Amino acid sequence: RTMRTDQIEARLAEAGDSTPSELAESIYGSLVPAAFLPVAARQVLAHLLWLVSQGRAQQSGPTFRGCAQ
């Protein structure tokens with residue numbers, strides 16, 4: 001789980017302002033069928049909310065960004 005959180009945090013830093021769906025597409029797009037991407041986006045959202053609670057990301061409406069930005 002920690003590795004996935006770190007992966008999401010790194011991808012967020014690369015991508016800038018992103019929604020959970022955009023991040024899920026960039027992380028899982030080539031790994032899972034398109035029908036599973038909404039589920040992946042919910043998992044990404046859970047990681048993002050945890051990152052926000054730890055001060056490692058910020059949320060503005062539906063988008064998130066890393067705190068280093």
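Reader: Hey, which side chain does Glu-9 meet in a salt bridge?
Author: That would be Arg-56, with 2.5 Å from N to O. Keep in mind that this is a predicted model.

Reader: And where do those two sit in the chain?
Author: Glu-9 is in helix H1 (residues 2-15), while Arg-56 is in the loop between helix H3 (37-53) and S1. They are 47 residues apart, so the pair links distant parts of the chain.

Reader: Is Arg-56 buried or exposed?
Author: Neither, really: Arg-56 has a relative accessible area of 27%, so it counts as partly exposed. Glu-9 is partly exposed too, at 24%.

Reader: OK, how many salt bridges are there?
Author: The count comes to four. One of them joins the side chains of Arg-65 and Asp-17, at 2.7 Å from N to O.

Reader: Which parts does that pair link?
Author: Distant ones: Arg-65 lies in strand S2, and Asp-17 in the loop between H1 and helix H2 (20-28), 48 residues apart. Also, Asp-6, Glu-9 and Arg-56 form one network through salt bridges that share partners.

Reader: Switching topic, how do S1 and S2 run?
Author: They run antiparallel, with four bridges joining S1 (residues 57-60) to S2 (residues 63-66). The two strands make a hairpin with two residues between them.

Reader: What about Gly-61 in the turn?
Author: Gly-61 has a positive phi of about 65°.

Reader: And which residue stands opposite Gln-58?
Author: Arg-65 in S2, whose side chain also meets Asp-17 in a salt bridge.

Terms used: Residues numbered from 1 in each chain as written. Predicted model: local features only at pLDDT ≥ 70, side-chain atom pairs only at ≥ 80, totals over all residues. Heavy atoms only, no water. Pairing = 2+ DSSP bridges. Buried < 20%, exposed > 50% of the residue type's maximum accessible area, 1.4 Å probe, protein only.
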